Amino acid sequence: MQQFLESFLPAGPLVVFVFSIIPLMIILVYALFAIWLERKVAGHMQDRLGPMRTGWHGWAQTIADLLKMIQKEDIVPAKADRFLFKLAPFIAFAASYGAFVAIPLSSGYIGSMIDVGVFYIVAITSLLSVSIIMAGWASNNKWSLLGAMRTAAQTVSYEVPTVVTILSVIIVTGTLNLMEVTEMQTGNAFLGFLPSWLIFHSPFMVIAFGLFFIATLAEAHRVPFDLPESESELVGGYQTEYSGMRWGLFMLTEYADMLLLSLVGVTLFFGGWNSPFGSFMEGPLWGAFWMLLKGMILVFVMMWLRWTLPRLRVDQLMNLCWKYLIPLSFVNLVLIALWEMIF
Amino acid sequence: MDLFAIAFYVFAILIIGSAALMVFSKNIVHSAFALMFTLAGLAIFYALLYAGFVAVTQLLVYVGGILVLILFGVMLTTRGYFEKVRTRTVNLIPATLFTAIIGLMLILVFVTTDWTLMPLEEGEVTMTGLGELLLTDFMLPFQVAGVLLLLAIIGAVLMAARTRPPQQTPNPQQTSPTEKQQD
């Protein structure tokens, strides 16, 4: 990819710049699409149409909303901590954008071939909870602070099952680099026709994926785990006091986070950029297509769940994590390790 | 000046500045957030020295874990949510004396040591190598650290569980008066 860019751009910082904003472009276009999709999914699930006025079936609704948001006044509450209040949305987005470095978007594109790969993603996304606490505290609002507190508790708890399920995949792959993990899943070996994705590797991998998906739902603060911003009890949680583009950045972060966690799930379990039809429709560009398509399917499942399940209470949330997910993920880890030893 | 040196000095200024802010800030939450920048800056230093694993661990453990817990603790233990989280300066004279002595010692060590600069090269430390080392040559320290952490967890659970009254009433909302009686 870098060589390809160097062929028509003057070498040096410009190449690095273009190289590093490719994920940003993908996130921005994806966010425009996903916010529209979320509203359409919500509408159709509740037997209504969703946005219909702006363009064909309301496709330009998000663009119109964005234009409105840019024009809004940037309000900082009088008693808020100005500096931290203004800083928090940027750290939030930086944390989720930083994680895209280690994700192989296609066979020709990965931000950095670092050896620690998925471990780095886990570490950098933990900055997100810090930024939410920062936003909640700096807003000087009880709802915001309560939302921030819940986030801290939730993220710290749900990080454990996420990391343990990732670890159980790492036992199988033997590497943390997501590019190598994806390359391992090339081909259609299982039963002659199933793609050699890790989810088909053993029955316990299916359980691992289930646990991983539930834990990432909580990490991304999606319904049924959206306690940090549960609007019926906390008004808007940590983003109560935010308006205009700063609120927009939080929204962008939320959607970027959904995509990020879906892509991690896709890379770890569903073959990443590999085509499901073996060598049919293969290559760097098709790879990016498959990767984003698989990611969007998981994002769609997240939206689907949002309009299906009711929100959990705080104690139910903690019970689910500490009493069910963590023991299950540890047992599953041991079982996968045993499977690896025997077969 | 190459890119490495520029990065080094920029982040060195960030680390020292935020560390100073952490110490001199009167607001304890500001101190905690300044600490975040110090710790994250140190992670960048490790990354600059090709110690990727250490950098990521620093970020995960200190910024993602310990800092969140510190913030959580500060916000939960202070009585007022916003106004009363202030720090005070106590023991001014002994503290000044000790820091002066320690500072002098550090400067003395820094001046007298014969520093040799190692040429920086892209490390051969891989995750696989690290894992093998941990499970062969450094097995005992690794296990001892694990046992220590387990003890700490059990201790924390014990301390947290001791104050709770026996669950007799099925309704959790009515346990708060009995809690006071036991205390």
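Colleague: Hi! Is Tyr50(B) buried, exposed or partly exposed?

Modeller: Hello! Tyr50(B) counts as partly exposed, because 14 C-beta neighbours fall inside 10 Å, and a residue is called buried only from 20 upwards. Keep in mind that this is a predicted model.

Colleague: Thanks. Where is Tyr50(B) found?

Modeller: In the loop between α2 and α3 (52–77) of chain B. Its backbone is worth a look too: Tyr50(B) has a positive phi of about 65 degrees, although it is not a glycine.

Colleague: What sign does phi usually have, then?

Modeller: Most residues other than glycine have a negative phi.

Colleague: Which residue in chain A has a positive phi of about 60 degrees?

Modeller: That would be Asp47(A), again not a glycine. Asp47(A) sits in the loop between α2 (13–45) and α3 (61–71) of chain A.

Colleague: And is Asp47(A) buried or exposed?

Modeller: Asp47(A) is exposed, because it has 6 other C-beta atoms within 10 Å.

Colleague: Back to chain B, please. Which helix holds Ala47(B)?

Modeller: Ala47(B) is in helix α2 (residues 28–48) of chain B. With 19 other C-beta atoms within 10 Å, Ala47(B) is partly exposed.

Colleague: What does Ala47(B) touch, leaving out residues up to four places away in sequence?

Modeller: Gly52(B) and Ala55(B). For a distance across this region, the C-alpha atoms of Ala47(B) and Gly65(B) are 19 Å apart, with those positions 18 residues apart along the chain.

Colleague: How about α4(B), what span should that helix have?

Modeller: Its 21 residues, 92–112, should span 30 Å at 1.5 Å a residue, and the end C-alpha atoms are 30 Å apart, so the two agree.

Colleague: And how many residues of α4(B) are buried?

Modeller: Zero of the 21, so α4(B) lies largely in the open. Even so, α4(B) has the highest mean pLDDT among the elements of chain B, at 91.

Colleague: Which element has the lowest?

Modeller: Helix α7 (residues 175–182) of chain B, with a mean of 44. Over residues 174–183 of chain B the pLDDT is below 50, and beyond near neighbours in sequence that stretch has six contacts in the model.

Colleague: What does chain B average, and what are the overall scores?

Modeller: Chain B averages a pLDDT of 79, with 79% of the residues scoring at least 70. The model has an ipTM of 0.79 and a pTM of 0.83.

Colleague: How is chain B divided into domains?

Modeller: Into domain 1 (1–113) and domain 2 (125–162). The C-alpha centres of these two domains of chain B lie 25 Å apart.

Colleague: New topic: how many residues does each chain give to the contact?

Modeller: Chain A gives 23 residues and chain B gives 19. On the side of chain A, the elements giving two or more residues are α5 (117–125), α6 (127–138) and α7 (142–173). Of these, α6(A) gives the most, with six residues.

Colleague: What is that side of chain A like by class?

Modeller: The side of chain A that touches chain B has 18 nonpolar, three polar and two charged residues.

Colleague: Last one: what does chain A look like overall?

Modeller: Chain A has 13 helices and two strands. Its radius of gyration is 21 Å, which agrees with the value near 20 Å for a compact globule of 343 residues. The C-alpha trace spans about 60 × 55 × 45 Å along its principal axes, and 46% of the residues of chain A count as buried.

Notes
Residues are numbered from 1 along each chain as its sequence is written. Chains are lettered from A and ligands numbered from 1 in the order in which they are written. This is a predicted model: local features need pLDDT of at least 70, side-chain atom pairs count only at pLDDT 80 or more; totals for chains, interfaces and linings use all residues. Helices (H or I, at least four residues) and strands (E, at least two) are DSSP runs, numbered from the N terminus. The radius of gyration is taken over C-alpha atoms; the globule rule is 2.2 Å times the number of residues to the power 0.38. A residue is buried if 20 or more other C-beta atoms lie within 10 Å of its own, exposed if 12 or fewer, and partly exposed in between; C-beta atoms are placed from the backbone. Two residues are in contact if their C-beta atoms, placed from the backbone, lie within 7 Å. Ala, Val, Leu, Ile, Met, Phe, Trp, Tyr, Cys and Pro count as nonpolar, Asp, Glu, Lys and Arg as charged, and the others, Gly among them, as polar. Domain bounds come from an automatic or database domain assignment. The expected span of a helix is 1.5 Å times one less than its number of residues. pLDDT is the predictor's confidence in each residue, from 0 to 100.
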